[in-house]
Each structure stands twice: as C-alpha cells, then as structure tokens.
Amino acid sequence: MAVDFDLIVAEGLAALAAADGSGALERWRVAHLGRSAPVMAALGTLGALPKEDRRAFGQRGNQARQALERAYEEAAARVRQAELSRDLEAGAVDVTAPGRRRGRGRLHPTTRTLRKIYAIFGEMGFQIYRSRDVETDEYNFSLLNIPPHHPARDMWDTFYTTAPNVILRTHTSPGQIHVMRERCPEPIRVILPGMCYRYEQITARSDIQFYQVEGLAIGRRITMADLKGTLTAFAHALFGSEVRTRFRADHFPFTEPSAEMDVECFVCEGQGCPVCKQSGWLEILGCGMVHPVVLQNGGYDPREFSGFAFGMGPQRITMLMHKIEDIRYFFSNDVRFLEQF
Ligand code: PHE
C-alpha cells in the first residue's frame, strides 16, 4: 500500500491556512495530528510492512508528522497573536477621551437662604445660637408671656410627647429665654435658626415642620429705632438696597410694641401682582420690643435693659425669591425640583 506523505502534508497545510481562530485550529489539530489523522493512521501500518521498507517509510512518515506539527505551532502562535490584538483593540481605552462628568450635588435652596441670612447678621455682629427642638410647655409658652389657657396658644398648636409638658417647639422664640438665662447680664446679639413644628393641615402654604430664624438683641439703650434700622439693613442686604420696607402694628404676647415688616414686592416692584396678592408688599417677619415680662423671665431687669426680637420664615422668603408655589417641595426631595437651584 503506497502512502503519499507529500500529499498528506500538502492537504494538511492547505486546511491549516483556512483555520482562522483557536476553535478551527483545535479542530484541525484533531483531524491532522490526532489519533485517526491520516499521517498517524499511515504510521500505524508500519508493523505490517516488509522489514526492508520500514525504515524509509518510518522516516518519511515522521518527517511528514513533524512538518505538520511545526506548521501547527506556527499557526497557533499566529492565531494567538491575532486574537490578542483583537482583544486589545476591542477593549482599548482612549486616554485622550474627555472624562464623563460626575453629577455634583448642591445646596438646598433653603440652606442657601439660611446662609445668606447668617452672613448678613454675622456682619452686623450677631452670633448664631442653636437652641433645642424639644421644649417644655413653660419655655415655649409660659416664659414668653403666654400663660396656660391664653387664647394665643391656639395660634401655635403643636405635637405633644408622652412626657408631661414636653413638646416640639412651635417657634424659635423659646430660644430667647435660653440665651438670656445663659448670658445675663451681658448684652446679647444672636440669631437662632432651627426647625419648628406645628400641628397643622399640610397644604401648599403650611407644613407641619418648617424653619424659622429668630433674632434677639438685648442691651441698655436699645430702642425701636435699632429694631427698624437693623431689619431694614437686613432687607436691603437680602433683597437689594433700593427695596422699600414698612412696619405694620401687630400683636405677639412676648413683644410690646409688636410689628410685622413688609418689603416692597420684588416681583412687580410694588406695582401689584399675584405673588404679593396685588398689594405691592410681601410680609417677611414678625418683630417687636422684648416684653418686660420676658426680659424678667430671662433674668434682665426691664428698668435697665431693653431689647428687640424678630422671627422670620426662611422657606417663605425662599418661596418668594424663586416664585416657588408649594412649600411641600422643600421636603419632598424631588431631584427635579432641587436641580433647578
Ligand atoms: N415667634 C413668632 C411666630 O412664630 C415670631 C416672632 C418672633 C415675633 C420674635 C416677634 C418676635 O410667629
């Protein structure tokens, strides 16, 4: 039986040239160098040959097998290289490409207003005083000249805890008593920012929790003129130096006299619009001269000391400045709202 080793090699090499990936290459190896490959099958017949032919046959067979093996090794190296460069290309990183921008957080609109308020009063020499959110009935009402059963308590219905007389503060004013008792008989210039709580129907205009910034100045010759000057300077710093202000008489049990401060509507410049309800004015804060009883409760002798106090709602101010129509946006944490600032 004549075996044409040259043909076996030629056919093997031709098939190998077409093997273009590691899978095809492996199939080729099994077909052309595996146990039933032509060259192996031929070599397997060696024993059946006449003795004198075996040496030459074996040599040619081995050469053919080695030729196929060498070709295989080369092809394997080539395929490996090709696959490696394809992988590198596919997974390539373009180091010159611009990076993807990180979404950056920003300050909540109320925080921005609060910080402006702090900065303005800071320039005027006011310190920030942090008072507690949880208060006793006494601090929230009685020491502020609102005795039990006083009808003014109806204005500030709140959340009661299971501990007797322990409530969530309805305004930042109880902080006035804390500062006074701590600082007496020193003069005082502080603002007291913080959260307040009221038992209210949640609507577009009122929430059960909201910020207030209280202010308190106590000294020996503080008059209503100081109150008006300080709050007018504040309004000019926050809303612009041209904006007009006005004070209207009002009533709070802990100040006497009491007033509300309005600023000229900055949306319509006093012409009248929906934001100011056609009045041309926006109500910004409540204020007044600290009531003698409150001074006394804080430890100050009202014959020697006097002072003024005010309280404002920074969220309401933020709503006016940005024409925000619903106070519930502030705590609903909707990024579509927050991203606008
Ligand atoms: N505490 C008052 C309120 O919540 C505001 C206020 C503070 C008024 C200080 C006068 C002086 O409505």
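**Working around the ligand and beyond**

An oxygen atom of the ligand is 3.1 Å from an N or O atom in the side chain of Arg-198. The model is predicted, so local features need pLDDT of at least 70 and side-chain atom pairs pLDDT 80 or more, while totals for chains, interfaces and linings use all residues. Residues are numbered from 1 along each chain as its sequence is written, and side-chain values use heavy atoms, with hydrogens and water left out.

**Exercise 1.** Find the residues that come nearest to the ligand, and the distances for Ser-173 and Gln-212.

*Solution.*
Step 1. Start with the shell: 15 residues surround the ligand, and His-171, Ser-173, Arg-198, Gln-212 and Glu-214 come nearest. A residue belongs here if one of its heavy atoms lies within 4 Å of the ligand.
Step 2. Look at Ser-173, where a side-chain N or O atom is 2.9 Å from a nitrogen atom of the ligand.
Step 3. Turn to Gln-212, which places a polar side-chain atom 3.0 Å from an oxygen atom of the ligand.
Step 4. Finish with cover: on its own the ligand has 330 Å² of accessible area (Shrake-Rupley, 1.4 Å probe), and the protein covers 92% of it.

**Exercise 2.** Work out which strands each supply at least two residues of the shell around the ligand.

*Solution.*
Step 1. Three strands fit: E5 (209-219), E8 (281-290) and E9 (306-312). Strands are DSSP runs of at least two residues, and helices (H or I) of at least four.
Step 2. Now pick out the largest share, which is the 3 residues from E9.

**Exercise 3.** Locate the salt bridge of Glu-304 and explain what the pair ties together.

*Solution.*
Step 1. The whole structure holds 11 salt bridges, each a side-chain nitrogen of Lys or Arg within 4 Å of a carboxyl oxygen of Asp or Glu.
Step 2. The partner of Glu-304 is Arg-220, and their closest N and O atoms are 2.3 Å apart.
Step 3. Glu-304 sits in the loop between helix H9 (292-297) and E9, and Arg-220 in the loop between E5 and helix H8 (224-239), so the pair ties together parts 84 residues apart in sequence.

**Exercise 4.** Place the backbone features at Pro-185, Pro-257 and Gln-278.

*Solution.*
Step 1. Cys-184 and Pro-185 are joined by a cis peptide bond with omega about 5°; Pro-185 is in the loop between helix H7 (174-183) and strand E4 (188-197).
Step 2. From Glu-256 to Pro-257 the peptide bond is cis, omega being near -5°, and Pro-257 lies in strand E7 (residues 255-264).
Step 3. Gln-278 is not a glycine, yet its phi is positive, about 65°; look for Gln-278 in the loop between E7 and E8.

Terms used. Polar contact = N/O pair within 3.5 Å; in protein donor to acceptor, adjacent residues only side chain to side chain.
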